[in-house]
Amino acid sequence: MKRVIKKVAVLGSGVMGSRIACHFAGIGVPVLLLDIAPKELNDAEKAKGLTLETTAVKNRIVNDALAAAIKSNPSPIYTKETVKKIKTGNFTDNMKDIAGYDWVIEVVVERLDIKQSVLSEVDKYRKPGTLITSNTSGIPIHMMAEGRSEDFKKHFCGTHFFNPPRYLKLLEIIPTPYTDKEVVDFLMHYGDLFLGKTTVLCKDTPAFIANRIGVFSIFSIFKIMDKIGFSIDDIEVLTGPIFGRPKSATFRTADVVGIDTLVKVAVGVHDNCPGDEAKAIFTIPGWLEKIVANKWLGDKTGQGFFKKIKGAGGASEILVLNLQTMEYEARKKPKFASVEAAKPIDDLNTRIKMLVGGQDKAGEFYRQFHYSLFSYISHRIPEVSNEIYPIDDAMKAGFGWEIGAFETWDVLGVEKTVKAMKDAGFTVAAWVDDMLAKGNTSFYKIENGKKLCYSPTVSNYLSTVAEGAESAFIVMKNFVGQTVWKSSAANVYHLGDDVLGLEWNTKMGTIGGEVLEGINKGIALAEEKYKGLVIANDSQNFSAGANVGMIFMCAVEQEFDELDMAVRAFQNTMMRARYSSIPVVVAPHALSLGGACELSLHSDKVMAAAETYIGLVELGVGLIPGGGGTKEFVLRAADELQEDEPDTIPLKNRFLTIATAKVSTSAFEAFDLGILRKGHDEVIINPDRRIAAAKTSVIEMYDNGYTMPVQRTDILVRGRSILGALYAGINGMQVANYATAYDGVVAKKLAYVMCGGDLSEPTLVSEQYLLDLEREAFLSLCGEKKTLERIQSVLKGGKPVRN
């Protein structure tokens with residue numbers, strides 16, 4: 001059957017329920033959010049003479065929860081308009097309304113009896129065929145289905161979202177023995193395509209996959225820490241970004257998640273997994289029992305492994321818990337020789353090999369940790385999953401690991417590591433030895449741009465994506481074997497179907513001379529014999545913008561001719577992206593700032609990941625957008641004017657967007673800022689699909705007869721008629737202390753360019769005219785001392801100084 005989700009009901013409006021509702025509303029699905037009605041009035045309701053039967057009272061819990069979610073940071077909504085799609089109600093009056101909904105998601109408190117009670121009511125009112133799922137982090141799914149109707153059981157399974165659901169990509173799908181395969185397949189696909197999730201099929205085992213492996217990793221670190229004699233600060237240095245983990249590392253993660261939550265999962269696995277060969281790892285250390293007894297549970301109680309206090313002068317200070325004395329003390333900055341040696345290495349794989357090979361205490365820690373982890377995950381097949389890749393997918397999407405455990409094992413060399421593990425007293429599951437005995441030396445391999453994973457079930461390699469969906473996912477690094485051109489900073493690959501792909505590998509994706517060369521080379525190659533070019537990458541961020549370090553060096557050394565050439569080269573490259581004979585599609589994600597935003601503005605189309613934070617941020621460092629961004633905003637503002645209406649609001653709005661260095665909080669908001677074009681550019685909810693979507697867009701434009709655009713010479717600029725008003729607004733911002741005197745200097749340069757200069761009347765100008773104005777203003781600001789001070793503060797890793 002063809003199943004369509006038109007409306008979703010979410011039962012339970014707590015931290016997870018309200019945010020799940022927001023995420024569905026964010027993708028355009030109307031949501032009914034329900035919760036219990038209060039059992040007593042609060043003081044405000046009593047004062048108003050309300051009763052428990054008043055609708056506002058009955059919906060107080062759900063409305064307060066939703067309001068709190070919307071105000072929370074990070075925001076669960078893409079735009080303010082999202083909330084309009086959420087309707088609230090209560091279980092007493094509105095449970096009957098779920099009959100009109102296609103998917104009912106239960107998200108009430110983590111107690112089996114309460115969940116069963118709610119699901120019993122759902123069974124009464126749902127229509128046959130309606131999907132019912134439970135969001136739980138560990139309650140056995142099959143137990144919730146007991147006593148329900150046959151149709152309910154067929155359409156019921158677990159859907160474990162991770163918090164916050166907008167930002168954490170993992171969605172674990174946990175069927176019961178009764179769940180219809182069509183339902184499982186549908187949810188796996190829907191979660192991926194519409195919700196933007198990495199959907200992972202799990203067996204109905206304690207803690208499922210991510211929490212099982214994640215909490216094992218944390219408790220394994222606890223054990224190794226005690227054995228070697230490390231402190232919390234030591235572990236935070238060793239288990240953060242240096243080896244591909246989030247900045248929150250181990251103990252900060254525990255504080256955020258809740259120390260009691262970690263303990264609950266650990267106890268659950270220890271007590272309910274009698275066959276787990278490593279269950280002893282989940283034993284709670286004595287110092288952790290004391291922390292829980294003291295109710296030092298992390299952020300929720302104001303202190304855990306860390307505690308924030310007011311220090312001298314009222315400044316905030318973070319203290320760390322000494323596990324020997326159980327006293328909080330000042331944080332230390334430990335250093336390890338192997339870590340210091342690895343820090344300059346950008347490539348994570350190379351870094352991991354260096355760290356595990358270290359001959360100091362840190363190296364010993366990394367070896368023990370990885371051997372313990374590898375042993376554990378090998379023995380979880382087929383207990384938690386029949387296949388390997390769901391374990392890696394779950395840890396990357398749910399715990400923020402940059403590289404999966406089996407992927408790390410590949411990096412270190414499977415056969416070599418197995419020998420070292422056995423020598424150190426660790427075991428591996430029999431299927432690993434069998435894999436190696438059959439001549440298979442890695443868990444993953446790449447063939448024709450596709451990622452394959454070894455399957456212990458069939459003793460062969462299978463695709464890591466669902467059958468028929470391979471074309472929807474493109475990973476740039478998988479096409480190294482199809483390299484058409486490369487430099488030390490950039491690579492051009494043949495992505496198949498006569499489409500090229502360009503990525504670059506600079507730190508934070510910064511755009512300098514070599515990247516500009518790559519963009520020009522990619523376009524030139526595509527013009528020779530391909531249909532078009534996709535510009536994207538697989539890094540954590542698309543690009544932090546132009547290489548400000550190069551700008552700073554040229555300005556300090558007064559190399560203004562060289563700087564002028566560099567700015568011209570940037571502008572010319574952006575115009576080359578706009579005016580080439582082939583379609584150029586950019587697929588940004590995450591940070592896409594400054595020059596990366598300018599590249600997107602000049603592309604034929606943008607296929608942006610929903611979580612794209614894009615903007616022209618140059619004003620923050622005392623510059624204006626100098627790579628065509630200012631020009632493009634003027635052009636778009638002119639095109640937005642009504643022919644018979646001398647309205648200047650579009651230009652003023654765009655001026656404010658640049659002058660305040662606004663960055664979109666999502667790709668959807670980028671439409672409101674005028675960076676993405678409504679009805680033209682697209683948002684791809686799942687970032688893993690954006691490169692394939694961009695490739696499809698290139699092919700469609702080419703096959704529909706793509707024609708090279710013609711440079712514009714008809715851009716209406718206002719000159720003095722609006723310049724004076726903008727200057728007055730800038731002065732007002734300074735008087736009100738919203739802007740410094742130097743902010744005003746930079747903003748006036750921007751206003752001058754956006755008005756087309758000091759023209760006496762509205763005039764039609766060309767793109768090149770505006771580019772010249774933009775470049776002159778940019779170069780003049782590069783010579784200012786205060787601009788250099790701002791750039792220098794950024795290069796040192798801080799925020800721009802407010803000078």
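Q: What does buried mean for a residue, and what does exposed mean?
A: A residue is buried if its relative accessible area is under 20%, and exposed if that area is over 50%. The model discussed here is a predicted one, and the words are used in this sense throughout.

Q: Which residues of helix α21 are buried, and which are exposed?
A: In α21, which spans residues 430–437, the buried residues are W431, V432, M435 and L436. On the other side of the helix, A430 and A437 are exposed.

Q: How do you know that the buried residues of α21 line one face of the helix?
A: Seen down the axis of α21, the directions of its buried residues fall within an arc of 140°, so these residues line one face. Their cover includes the helices α17, α19 and α20 (414–423), together with strand β13. Just after α21 comes G439, which takes a positive phi of about 90°.

Q: What puts the buried residues of α16 on the same side of that helix?
A: The buried residues of α16 (residues 348–356) are L348, R351, I352, L355 and V356. Around the axis they cover an arc of only 125°, and this is what puts them on the same side of α16. They pack against α15 (337–342), α17 (361–379) and α19 (405–412).

Q: Why are α17 and α19 called oblique to each other?
A: These two helices pack at an angle of about 125°, with their axes 10 Å apart. An angle over 145 degrees would count as roughly antiparallel, and one from 65 to 115 as roughly perpendicular, whereas the angle of about 125° belongs to neither class, so α17 and α19 are oblique. The handedness of their crossing is left-handed.

Q: Which residues make the contact of α17 with α19, and how do they divide by class?
A: From α17 the contact takes H370, L373, F374, I377 and S378, and from α19 it takes A405, F406, T408, W409 and L412. By class, seven of these residues are nonpolar and three are polar, while none is charged.

Q: What makes α30 and α31 roughly antiparallel?
A: The axes of α30 (residues 720–735) and α31 (residues 741–754) come within 10 Å and cross at roughly 165°. Angles over 145 degrees count as roughly antiparallel, and with its value of roughly 165° the pair is therefore placed in that class. The crossing of α30 and α31 is right-handed.

Q: Where do α30 and α31 meet, and how do the residues of the contact divide?
A: On the α30 side the contact holds L723, L726, Y727, I730, N731 and Q734, which meet A741, G744, A747, K748, A751 and Y752 of α31. These residues divide into eight nonpolar, three polar and one charged.

Q: How do you know whether T250 is buried or exposed?
A: T250 is found in the loop between α11 (232–238) and α12 (251–257). Its relative accessible area is 4%, which lies under the 20% cut-off, so T250 is buried. Leaving aside residues up to four places away in sequence, T250 touches I218, I221, F222, I235, E236 and T239.

Q: What puts L319 among the buried or the exposed residues?
A: L319 has its place in strand β10 (residues 316–322). With a relative accessible area of 12%, set against a limit of under 20%, L319 is buried. Beyond four places away in sequence, L319 touches F305, F306, K307, I309, Y328, E329, A330 and R331.

Q: Why does N448 count as exposed, and why does A590 count as buried?
A: N448 has a relative accessibility of 66%, and since exposed means over 50%, N448 counts as exposed. A590 has a relative accessibility of 12%, and since buried means under 20%, A590 counts as buried. N448 is found in the loop between β12 (444–447) and β13 (450–455), whereas A590 lies in strand β20 (residues 590–593). Neither is a glycine, and phi is positive in each of them, near 55° in N448 and about 50° in A590.

Q: Which peptide bond leads into P74, and which into P382, and what is omega near in each?
A: The bond from N73 to P74 is cis, with omega near 5°, and the bond from I381 to P382 is also cis, with omega near 5°. P74 is found in the loop between α4 (60–71) and β3 (86–90), while P382 lies in the loop between α17 and α18 (389–399).

Definitions and conventions: Residues numbered from 1 in each chain as written. Predicted model: local features only at pLDDT ≥ 70, side-chain atom pairs only at ≥ 80, totals over all residues. Heavy atoms only, no water. Axes fitted to C-alpha atoms, helices over the stretch in contact; angles between N-to-C directions. Helix = DSSP H or I, 4+ residues; strand = E, 2+ residues; numbered from the N terminus. Parallel < 35°, antiparallel > 145°, perpendicular 65-115°, else oblique. Left-handed = near helix turned anticlockwise from the far one by under 90°. Contact = heavy atoms within 4.5 Å. Nonpolar A, V, L, I, M, F, W, Y, C, P; charged D, E, K, R; others polar. Buried < 20%, exposed > 50% of the residue type's maximum accessible area, 1.4 Å probe, protein only. Arc of directions from axis to C-beta.
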